[in-house]
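Student: Hi, could you walk me through this one? I'd like to hear about cores, pockets and domains.

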Amino acid sequence: MGLREIENLSGSGVLTTRLDAVLRWGRRNSLWPLPYGTACCAIEFMAVVASPFDLSRFGAEVVRFSPRQSDLLIVSGTIVHKQAVILRRIYAQMAEPKWVIAMGACASAGAFYDNYCTLQGIDHVIPVDIYIPGCPPRPEAVLHAVTELQKRIDAGVPPGSQRTEGSV
Amino acid sequence: MSPPSLDRFRSRLAGTIREEPNPFGDAVFRAEPSDLRDVLRSLRDEHGFDLLLDVTAVDHLELPDSKPRFDVVYILRPSVGSERVRVQCRPPDEDLSLETVSDLWKAANWAEREVYDQYGVRFRNHPNLKRILNHKDFVGHPLRKDYDIKKQQWLSEPDDLMDEMRKLRGGAEGEESESVLLNIGPSHPAMHGALRALVDLEGETVRHTVPEIGYLHRGFEKSAEKGTYTHVIPFTDRLNYCSSVMNNVGYCRTIEKMLGIEPTPRAQTIRVVLLELGRIMDHLVSVAANLVDVGALTNYWYLFNERERIYDVIEALCGARLTHCYVRIGGLAHDLHAGFEEGVEGILRELPKALADVERLVARNRIFLDRVVGVGAITAEEAISHGFTGPCLRACGVPNDLRKDEPYYGYDGYDWNVIVGTRGDTYDRIWVRMEEMRESMRIVAQAMKKMPGGPVDVDDKRVSLPPKTEVYGNIEALMNHFMIIMEGIKPPAGECYGSIEAANGELGFFVVSDGTGKPYKVKVRPPCFYVFSAFPRLTEGGMIQDLIATLGSLNIIAGELDR
């Protein structure tokens, strides 16, 4: 990416690049997550933002609970049918472009809650960009997911392109 | 009032009520539907059983005595004391209803709603008999034996809760008053992701609160009926996920009670160490989140660092940071690792510093004190009526603690105190937890010092896997291993209630066995379900910002609340 050359500016003070590259650079480095924490994974998400792991090292520490101010939805926890309606509404309220991380086995696939009340993966109701395995995933796995997402944003992969057609 | 006594109750009601034999030692009385209220009232008013622990039902469809089909179970205990009594009553199959006891105990309000939701037993004259865990469009009753576990039902629109709010507002309907409705949650930073409350505000004063739960009802009790008794252990990890190991112990202890097994001295002491570390971990999250909710963010970093320190020790022990799954029926997954002792020493050395740091920041902080002192207060009588146990009840001045009332695992051999508050407000609830962490540290230090040697698993072929060298070496051990894995552990048929003092209060398991390797029913008595049922009482009349501070101090963990 052209902006890397910024370090080697030779005194001219001028840098040429493409507009979309600048936008991607900005988006990649300032993800504002909405922690949609419902269950056990939310406790591990708390560990991700606490000092030992510190999500802010990757520019994504400004957690926002208003969907209108955030562009990364981190669904951490089991989503049951009663909650799924709310999740869909929250996702719809976020401004484009927006990304979704399904943190943990429940959000990804329902996990061992294969029963009458649990949604078998949030991709039945909203598109997902990154799935994190684990029950719950370790904080390092969440950091890995965020950096992977940054790579995709850099590469210009459109959000939600991993959409699975759900049963709704 | 004279101390709680079942003997007096037995002699008084001889002839009118039948006592059922119970192999597991609990007193069980069978009441006729017409006598039920009188029996329960008599137990409460004349015999000291003032705490309604839980109400649930058993669907006898697949048991030999399937007529009448449902058996409703009321579990009672005195607010201080260990004796427990169960009153069971079978509603007639034709109308499937019983008289409510929600006017006798406020705790019965939600408990009966849950029985209605899950089993379809109705309660006459209940003030608000609607679904509580499942959504409003749900058809059928999932814990009935003939409801297919995989039959999912979608919800199209969330409940607007206006039916309940209209009842509370009365006739005014907001026309003349200045009141405003505000929906908080479930996606709200202070509502912990899975709680919701609709509040009616006049200015900033809360007039009415309608809480809604069930946003994390993930079917623990139905799922538990599908595997063996051992398969349930990882599910219990995810009840109160802030202190997984306590749920493990609570469940395994109940099954051990059914089997008549007492863990080895070493296993008991290791369990005590882990229970107290679990309590510390739980209180750390609770206090940290509560302080964040009132704006004291720095404490979160201090306290979470200590939690990480405990994570490191527990992870080295069992491989998991959060969901430990370390306890087994009859013992533990394996013995302690080398280095556990040093790890615990590190925790005991560093934690007091963090607690002192937090105290320095908030104990004399005017802003903090103004936010919490006198906020969300409740009297002991009301708290007992609502079914409070644990730190929230102790904050009201009631020394209710199973570790003292019914000492298990040698808790009576340690030198420690039950911490109680005086006012039952948010400040007391936070401070009871802060001091309890210090008491837990004392217990951990003493337990580590006296740690006995010996095996961690009981020598009992019914529950303990034989060593691998035996399994590969002789046919008897191989068969034994095969039977425990494939058919599972088989407690004798019957119904049993067992409980421990978990971080949030009395965590009970009501288990029904039909003699096979799979549980017929596992019902959790979740402490925070009953604490949260008092949320309207705690918040109405206060300010909207007090609602947030109060909620944090209750430590409602959704996994345990909704199961």
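Tutor: Happy to; we'll take the cores, then the pockets, then the domains. This is a predicted model, where local features need pLDDT of at least 70, side-chain atom pairs count only at pLDDT 80 or more, and totals for chains, interfaces and linings use all residues. Residues are numbered from 1 along each chain as its sequence is written, chains are lettered from A in the order in which they are written, and side-chain values use heavy atoms, with hydrogens and water left out.

Student: Cool. How many residues does the largest nonpolar core have?

Tutor: That core has 123 residues, and A:Leu73, A:Ile122 and B:Phe368 have the most contacts inside it. A nonpolar core here is a set of buried Ala, Val, Leu, Ile, Met, Phe, Trp, Tyr and Cys residues joined through side-chain atoms within 4.5 Å, with buried meaning under 20% relative accessible area (1.4 Å probe, protein chains only).

Student: And which helix gives the most to this core?

Tutor: Helix 8 (residues 265-293) of chain B, with 14 residues. Helices are DSSP runs of H or I, at least four residues, and strands are runs of E, at least two, numbered from the N terminus.

Student: Which residues does A:Ile122 touch?

Tutor: Leaving out residues up to four places away in sequence, A:Ile122 touches A:Val75, A:Ile79, A:Leu87, A:Val100, A:Ala102, A:Ala107 and A:Val128. Contact means heavy atoms within 4.5 Å.

Student: On to pockets. What volume does the largest pocket have?

Tutor: About 960 Å³, which is the space filled by probe spheres set on grid points joined across faces, edges and corners. A pocket is an open set of points on a 1 Å grid over the protein atoms alone, where a 1.4 Å probe fits, with protein on both sides within 12 Å along at least five of seven lines; lining residues have an atom within 4 Å of a point.

Student: Which residues lie nearest its centre?

Tutor: A:Met46, A:Phe65, B:Pro189, B:Val292 and B:Tyr300, out of 41 lining residues. Helix 8 of chain B turns up again, giving the most to this lining with six residues.

Student: What about the second largest pocket, which domains does its lining draw on?

Tutor: At least three residues come from each of domain 1 (6-124) and domain 2 (220-562) of chain B; these bounds come from an automatic or database domain assignment. This pocket has a volume of about 520 Å³.

Student: How many Å separate the centres of those two domains?

Tutor: 27 Å, taken over C-alpha atoms. Their contact takes 38 residues from domain 1 and 36 residues from domain 2 of chain B.

Methods: Buried < 20%, exposed > 50% of the residue type's maximum accessible area, 1.4 Å probe, protein only.
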